[in-house]
Amino acid sequence: MELRKPVILIVDDDPNDRFLMQTAFSNIGVSERVSTVAGGAEAIEYLSGTGQYADRNRFPFPNLLLLDLNMAKMNGFEFLRYIRNHPNLMVIPTIVFTSSEEMDDLKQAYVLGANSYLVKSKTFDGLCDQFKFIYGYWMRVRVPPIVPEGV
């Protein structure tokens, strides 16, 4: 089996949040590819390798998802439900990374299969600290899932 370079996929409909998250990953020295999509429906297209994401060399299957909950069109809960019911996608570790501090949101995210739930820091330095933690555990310590054949 050939090991491939890890990929982090950010699913968030706020372009400012996507930019800040990419910048924070860069700021802490992450060398892995950090890709972004603007919502759940686009993330499904990316994960399925369809449409504009058909080229797996340009859009490789991710090893980790960072998922916002409060998105238009398809919210984070709907996206979690979709990927956890899809055999080729259910193996992807998924961190809910949201501004919601609501206990009901936290409970629902875990019921739907989130691997972790973090509230977004309100400062850039705090965001960098969160990403050091996320990167240190999810990309360096744990064993990444095997990418399903054909994705």
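Okay, quick definition before anything else: when I say two strands pair, I mean that DSSP finds at least two bridges between them. Keep that in mind for one spot in this model, which is a predicted one: T98 stands opposite V119 in strand 5. T98 closes strand 4, residues 94–98, and strands 4 and 5 run parallel to each other over four bridges.

Let's zoom out to the whole sheet. Strands of a sheet pair through backbone hydrogen bonds, either parallel or antiparallel. Here we've got an open sheet of five strands, with parallel pairing, in the order 2-1-3-4-5. So which strands sit at the edges? Strand 2, at 33–37, and strand 5, at 116–119, and each of them pairs on one side only. If you ignore direction, neighbouring strands are turned by 20° against each other on average.

Now add the helices. The chain has five of them, along with the five strands, and reading along the sequence you get β-α-β-α-β-α-β-α-β-α. Take helix 2, residues 40–48: it packs on the sheet and touches strand 1 (7–11), strand 2 and strand 3 (64–67). The direction of helix 2 makes about 155° with that of strand 1.

On to the inside. Of the chain's 151 residues, 46% count as buried. In soluble globular proteins, nonpolar side chains tend to be buried together. In this model, the largest nonpolar core has 27 residues, and the ones with the most contacts inside it are V11, Y46, L47, L65, F79 and L80. Strand 1, helix 2, strand 3 and helix 3 (76–84) are the elements that give two or more residues to this core. Apart from that core there's another one, of 19 residues, with A24, I95, C128 and Y135 among them.

Let me stay on Y46 for a second. What does Y46 touch, if we skip residues up to four places away in sequence? You get V7, L9, S35, V37, Y53, R56, F59, P60 and P62.

That brings me to the rings. There are five aromatic pairs in the structure. One of them is F25 with F131: the ring centres are 4.1 Å apart and the planes sit at 10°, under the 30 degree cut-off, so we call the pair stacked. This pair links distant parts of the chain, since F25 is in helix 1 (residues 15–27), F131 is in helix 5 (residues 124–141), and 106 residues separate them. Buried or exposed, these two? F25 has 1% relative accessibility, so it counts as buried, and F131 is buried as well, at 0%. Y46 and Y53 make a pair too, but a tilted one, with 5.1 Å centre to centre and 55° between the planes. Both of those tyrosines are buried. And going back to the phenylalanines, ring pairs link F25, F97 and F131 into a cluster.

On long-range contacts: counting contacts in the chain with a separation of 6 or more, 65% come from residues 24 or more positions apart.

Last thing, confidence. The mean pLDDT of the chain is 89, and 89% of the residues reach 70 or more. Among the elements, helix 4 (residues 103–111) has the highest mean, 97, and helix 5 the lowest, 88. Helix 5 is also where F131 sits, for anyone who wants to look at that stacked pair again. Okay, that's me done.

Conventions
Residues are numbered from 1 along each chain as its sequence is written. This is a predicted model: local features need pLDDT of at least 70, side-chain atom pairs count only at pLDDT 80 or more; totals for chains, interfaces and linings use all residues. Side-chain values use heavy atoms; hydrogens and water are left out. Rings of Phe, Tyr and Trp (its six-membered ring) pair if their centres lie within 6.5 Å; planes under 30 degrees apart count as stacked, over 60 as edge-to-face and the rest as tilted. Buried means under 20% relative accessible area, exposed over 50%, partly exposed in between (1.4 Å probe, protein chains only). Axes are lines fitted to C-alpha atoms, for helices over the stretch in contact, and angles run from 0 to 180 degrees between N-to-C directions. Contact means heavy atoms within 4.5 Å. A nonpolar core is a set of buried Ala, Val, Leu, Ile, Met, Phe, Trp, Tyr and Cys residues joined through side-chain atoms within 4.5 Å. pLDDT is the predictor's confidence in each residue, from 0 to 100.
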